Amino acid sequence: QAQLQESGGGLVQAGDSLTLSCALSKRTLSNYDMGWFRQNPGKEREFVAALSRPDDSTYYGGSVKGRFTVSRGSAKNTMYLHMNSLKPEDTAVYLCAATLAGDFRSQYSRDTTSTYWGQGTQVTVSS
């Protein structure tokens, strides 16, 4: 079974930059629509960014648009989230997801059990 693994989280100060990585084991990501989400305890999962086939179109949640950039690695089994101008409200566990169910603008893709999810990486932004 394919597994997703995030890395790159940590503690940073407001205004700093950070890049998260997401790798898919055992297969290439090139066939999947990809996405980043974030979640805090007791809150709903929030859409952050989507990377959509076939041309790697990108889409962003309103709170990160203009500050975050999602990209696919040249090796095709890695996705990145470049985060600039970080704010304390960006603090969350960041999760990556991969699906064959359609891009992550769709609620169906977010909810279907066929979507793969990583375990998450903690990002903490201090003021």
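Leaving aside neighbours within four places in sequence, which residues is Leu81 in contact with? In this predicted model, the partners of Leu81 are Leu18, Thr19, Leu20, Trp36, Val48, Ala49, Phe68, Thr69, Val70 and Tyr94. Leu81 also belongs to the largest nonpolar core, which has 27 residues. Within that core, Trp36, Leu81, Met83 and Tyr94 have the most contacts. Several strands supply residues to this core, each giving at least two. They are strand E3 (18-24), strand E4 (33-39), strand E5 (46-52), strand E7 (68-72), strand E8 (78-83), strand E9 (92-99) and strand E11 (121-126). Another core lies apart from it and has five residues. Among them are Phe37, Phe47, Ala50 and Ala97.

The cysteines were examined next. A search of the whole structure finds one disulfide. A disulfide is a covalent bond between the sulfur atoms of two cysteines. Here the partners are Cys22 and Cys96, with their sulfur atoms 2.1 Å apart. Cys22 sits in strand E3 and Cys96 in strand E9. The two are 74 residues apart, so the pair links distant parts of the chain. The torsion about the S-S bond of Cys22 and Cys96 is about 65 degrees, and the disulfide is therefore right-handed. Cys22 and Cys96 are both buried.

Aromatic rings form a further theme. A pair of aromatic rings is described by the distance of the centres and the angle of the planes. The structure holds five aromatic pairs. One aromatic cluster is formed by Phe37, Phe47, Phe104 and Trp117. Of these, Phe37 and Phe47 are also among the residues of the five-residue core. Phe37 has a charged neighbour as well: Arg45 lies over the face of its ring, at 5.7 Å from the ring centre. A second arginine is placed over a ring elsewhere. The charged end of Arg105 sits over the ring of Tyr59, 3.7 Å from its centre.

The backbone has some notable points in its loops. The peptide bond from Arg53 to Pro54 is cis, with omega near -5 degrees. Pro54 lies in the loop between E5 and strand E6 (57-60). Asp56 is found in the loop between E5 and E6 too. Asp56 is not a glycine, yet its phi is positive, at about 60 degrees. Its relative accessibility is 28%, so Asp56 counts as partly exposed. Ser85 is placed in the loop between E8 and E9. Ser85 likewise has a positive phi, of about 50 degrees, although it is not a glycine. With a relative accessible area of 41%, Ser85 is partly exposed.

One more loop residue was considered. Thr112 has its place in the loop between helix H1 (107-111) and strand E10 (116-117). Is Thr112 buried or exposed? Thr112 counts as buried, because its relative accessibility is 14% and the cut-off for buried is under 20%. The side chain of Thr112 makes a polar contact with the side chain of Ser114, at 3.1 Å. Neighbours within four places in sequence aside, Thr112 is in contact with Thr99 and Ala101.

Terms used:
Residues numbered from 1 in each chain as written. Predicted model: local features only at pLDDT ≥ 70, side-chain atom pairs only at ≥ 80, totals over all residues. Heavy atoms only, no water. Helix = DSSP H or I, 4+ residues; strand = E, 2+ residues; numbered from the N terminus. Buried < 20%, exposed > 50% of the residue type's maximum accessible area, 1.4 Å probe, protein only. Polar contact = N/O pair within 3.5 Å; in protein donor to acceptor, adjacent residues only side chain to side chain. Contact = heavy atoms within 4.5 Å. Core = buried A, V, L, I, M, F, W, Y, C linked by side-chain atoms within 4.5 Å. Disulfide = S-S within 2.5 Å. Phe/Tyr/Trp six-rings, centres within 6.5 Å; stacked < 30°, edge-to-face > 60°. Lys NZ or Arg CZ within 6 Å of the ring centre and 35° of its normal.
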